[in-house]
Amino acid sequence: REVLAKNDNIGIVVGQNPSIDEMSAALSLYLLLKGSGKKVSIACPTQPIVELSNLVGIDKVKQKLESQEGDLVVSFPYVEGEIEKVSYTLENGLLNIIVKATKQGLTFDEKDVRYTKGVEVVNILFIIGTPHLSDLERLIQPDKMRNAKIVNIDNKSENQRFGDIVAVSTDYSSVSEQISDLVLSLGIKLDKDVAQNLLSGIMYATKNFQDPSTGPLAFEIASLLMRNGAKRVDLTSRAPRRQEASIQHRRAPQQRFNQEENGPRKSGDQNTPNDWLAPKVYKGSSNF
């Protein structure tokens with residue numbers, strides 16, 4: 001509470017290939033802090049997978065920490081002798097950067113130009129559901145994080161417990177449950193979008209509350225989230241269809257047997273043995 005009160009520039013990161021639970025927790029924290037007037041950016045070293053597309057705010061996740069106050073860098077290939085000078089003009093509210101070519105001409109075109117938003121120094125860095133700093137790859141720049149307070153939030157036993165504030169506990173069934181508990185303890189009001197993200201994360205981590213390790217707090221928080229507008233989404237909705245197809249497959253041999261029993265093949269069928277309808281005589285072994 002004290003750290004958040006004293007600092008406005010906040011970064012939130014998750015490790016590579018995060019689960020629905022981990023990304024739900026990170027996005028919920030992002031939306032809540034953004035709504036409270038903080039300057040917040042969120043990043044992940046890998047591109048979000050399709051399963052995360054329904055989470056509110058997923059479009060805000062970048063592959064590095066960015067800020068509105070960071071510098072914008074325009075980059076293009078440089079070859080000695082082909083650029084005479086670089087200047088700019090202001091026209092109709094637009095800033096035009098002019099790269100004047102020499103007689104040699106430019107060897108690059110529009111597709112080679114890159115735009116990069118500068119990374120702002122953050123005061124607080126939340127690392128969500130990430131047990132090892134190596135899972136962040138090159139997401140953290142040491143020179144930008146030198147004075148940042150690092151808050152480590154996770155529920156995994158293998159967490160290395162790094163950071164200035166370590167909120168790591170295996171008592172939680174999910175990281176989304178842990179973020180919910182933290183937010184409620186800080187007195188931050190939940191809106192419908194945040195509640196939905198958190199409930200989705202809890203349901204994913206607990207396998208729709210069927211996992212034996214699901215704790216009582218998960219049910220209590222889920223109830224609160226639903227009262228704030230969240231809806232339960234069956235993350236295993238495809239299972240019944242697979243099960244039905246499997247049952248039909250198992251029934252197929254029995255159906256074929258019933259058809260043969262109720263209506264035997266005609267003796268003239270080329271695939272039917274000649275003695276199909278003939279009486280069967282059991283011949284015992286001479287050893288008995």
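This report covers the packing of helix α2 and the surroundings of D154 in a predicted model.

## Overall content

The chain holds six helices and 10 strands. It has 288 residues, of which 36% count as buried. Among contacts between residues at least 6 apart in sequence, 65% join residues at least 24 apart.

## Helix α2

Helix α2 spans residues 20-35. From its first C-alpha to its last, α2 reaches 22 Å over 16 residues, close to the 22 Å expected at 1.5 Å a residue. Of these 16 residues, 13 are buried, so α2 is largely enclosed by the rest of the structure. Just after the helix, G37 takes a positive phi of about 95°.

Two helix partners of α2 are described below, α3 and α4. Two packed helices are described by the angle between their axes and the distance between the axes.

## Packing of α2 with α3

Helix α3 comprises residues 175-185, and its axis comes within 7 Å of that of α2, with a crossing angle of roughly 25°. Because angles under 35 degrees count as roughly parallel, α2 is roughly parallel to α3.

On the α2 side, the contact is made by D21, E22, S24, A25, L29 and L32, and on the α3 side by V175, S176, I179 and V183. By class, these are six nonpolar, two polar and two charged residues.

## Packing of α2 with α4

Helix α4 comprises residues 192-205; the axes of α2 and α4 lie 8 Å apart and make an angle of about 160°. Angles over 145 degrees count as roughly antiparallel, and α2 and α4 are therefore roughly antiparallel to each other. Their crossing is left-handed.

The residues of α2 in this contact are I20, D21, S24, A25, L27, S28, L31 and L32, and those of α4 are V194, N197, L198, S200, G201, Y204 and A205. They divide into nine nonpolar, five polar and one charged. D21, S24, A25 and L32 of α2 take part in the contact with α3 and also in the contact with α4.

## Surroundings of D154

D154 lies in strand β9, which covers residues 149-154. With a relative accessible area of 0%, D154 is buried, because buried means under 20%.

Leaving aside residues up to four places away in sequence, D154 touches G129, T130, P131, N159, A167, V168, S169, V175 and Q178. One of these, V175, belongs to the α3 side of the contact with α2.

Key
Residues numbered from 1 in each chain as written. Predicted model: local features only at pLDDT ≥ 70, side-chain atom pairs only at ≥ 80, totals over all residues. Heavy atoms only, no water. Helix = DSSP H or I, 4+ residues; strand = E, 2+ residues; numbered from the N terminus. Buried < 20%, exposed > 50% of the residue type's maximum accessible area, 1.4 Å probe, protein only. Contact = heavy atoms within 4.5 Å. Axes fitted to C-alpha atoms, helices over the stretch in contact; angles between N-to-C directions. Parallel < 35°, antiparallel > 145°, perpendicular 65-115°, else oblique. Nonpolar A, V, L, I, M, F, W, Y, C, P; charged D, E, K, R; others polar. Left-handed = near helix turned anticlockwise from the far one by under 90°. Expected span 1.5 Å × (residues − 1).
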